[in-house]
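Welcome! Please take a look at the sequence and structure below, and keep them at hand while you work.

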Amino acid sequence: MQGIKITFPILGDDFVLDPPTYFSVFGRHITLYAVIIMAGFILAGLYIIKRRSVFGLTQDNVYDMFLIAVPTGIVGARLYYVIFNPEGYFGAGNWLNIFKVWNGGLAIYGGVIAVSVGLIIYARVKKIPAGAIFDASALGVLIGQAIGRWGNFINREAFGYETDVPWRMGLTYPGGGTIFVHPTFLYESLWNVIGFILLHLLSKYHRKFDGQLILMYLVWYGFGRFWIEGLRTDSLYVFQTDIRVSQLVAAVTAVVGAFFLIRNWLRAKKEPVSLYADRVLTVADDTQAPDTDDD
């Protein structure tokens, strides 16, 4: 991918980028994609740690969540990709390719599904409402996704169909040919940034029940991903059909999220419920109560 020059005509003819895809440390290649993904994890973790008390969580809870999220997220993202892109992974001599994550092939929805299962189990073991954990996670996921999409930019991947829109992205190949495409990585990154801002504000001023933010995330991200996925050229499909896997998942999660969001909102209006964070503060004394700093 390195060597493919990136341009944005809207920024002028002199704006040309050719970012490296990796750097070397003691002779070993480290991909910038991995560094960007890790940066997203770290910033998401710092944010959740800072605001943990809003959701009734302790610092140990947050650490546990990330210890669960990292391995399950990688495994889930890989399995999702392999299942819906079986060529090169199944059959004689190909099975070991499944484990070669460093060669690429991860799907965000698979990671989200796997992490969700892990966190549900954790919530049951710790007797914490899953909604409280998922609300905190939703904000962290939006941070991670917004940053992680720039790894696709570095790799010159996850772009859309050719287009002539003013904000198109140009890809000039070593042979000299140039194509102008939808910068779908940028669309999704910006969509996630806006979603994060909205949910952050809602978490501070208008959160009525545990699980509200994760349901809003499902609706927001599902709607945006459905539209953006339709522009991409590298979609995974449901086996031998023309149905894009991520579009299908996005549509289903958005509809399901909207249904439960409206249902729970109406219930909360009729019979106000207390948030888990409020119940924790009620039963804990001053020395045991979680940090209430919400700057």
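Here are some short exercises, each followed by a worked solution.

**Exercise 1. Find out how confident the predictor is in this model.**

Step 1. Bear in mind that this is a predicted model.
Step 2. Look at the chain as a whole: its average pLDDT is 89, and 94% of the residues score at least 70.
Step 3. Now turn to residues 285-290, where the pLDDT is below 50. Leaving out near neighbours in sequence, this stretch has six contacts in the model.

**Exercise 2. Determine whether aspartate 18 and arginine 156 form a salt bridge, and place both residues in the chain.**

Step 1. Recall the general idea: side chains of opposite charge can pair when their charged atoms come close.
Step 2. Apply the cut-off, which asks for a nitrogen of Lys or Arg within 4 Å of a carboxyl oxygen of Asp or Glu. For aspartate 18 and arginine 156 the N to O distance is 2.6 Å, and the two side chains meet in a salt bridge.
Step 3. Locate the partners, which are 138 residues apart and link distant parts of the chain. Aspartate 18 sits in the loop between strand E2 (16-17) and strand E3 (22-25), while arginine 156 belongs to the loop between helix H4 (130-155) and strand E5 (169-172).

**Exercise 3. Classify aspartate 18, arginine 156 and leucine 96 by how accessible they are.**

Step 1. Use the cut-offs: buried is under 20% relative accessible area, exposed is over 50%, and partly exposed is in between.
Step 2. Aspartate 18 has 35%, so this residue is partly exposed.
Step 3. Arginine 156 has 4%, so this one is buried.
Step 4. Leucine 96, in the loop between helix H2 (59-84) and helix H3 (108-126), has 63% and therefore counts as exposed.

**Exercise 4. Trace the network of salt bridges around arginine 225.**

Step 1. Begin with arginine 225 and glutamate 188, which form a salt bridge whose closest N and O atoms are 3.9 Å apart.
Step 2. Arginine 225 is in helix H6 (residues 212-229) and glutamate 188 in helix H5 (residues 184-205), so this pair ties together parts 37 residues apart in sequence. Both residues are buried.
Step 3. Add glutamate 229 and arginine 232, whose salt bridge has an N to O distance of 3.9 Å. Glutamate 229 is buried at 2% relative accessible area, and arginine 232 is buried at 10%.
Step 4. Put the pieces together: Arg149, Glu188, Arg225, Glu229, Arg232 and Asp234 are linked in a network of salt bridges.
Step 5. Finish with the total, which comes to eight salt bridges.

Key:
Residues are numbered from 1 along each chain as its sequence is written. This is a predicted model: local features need pLDDT of at least 70, side-chain atom pairs count only at pLDDT 80 or more; totals for chains, interfaces and linings use all residues. Side-chain values use heavy atoms; hydrogens and water are left out. Helices (H or I, at least four residues) and strands (E, at least two) are DSSP runs, numbered from the N terminus. Buried means under 20% relative accessible area, exposed over 50%, partly exposed in between (1.4 Å probe, protein chains only). pLDDT is the predictor's confidence in each residue, from 0 to 100. Contact means heavy atoms within 4.5 Å.
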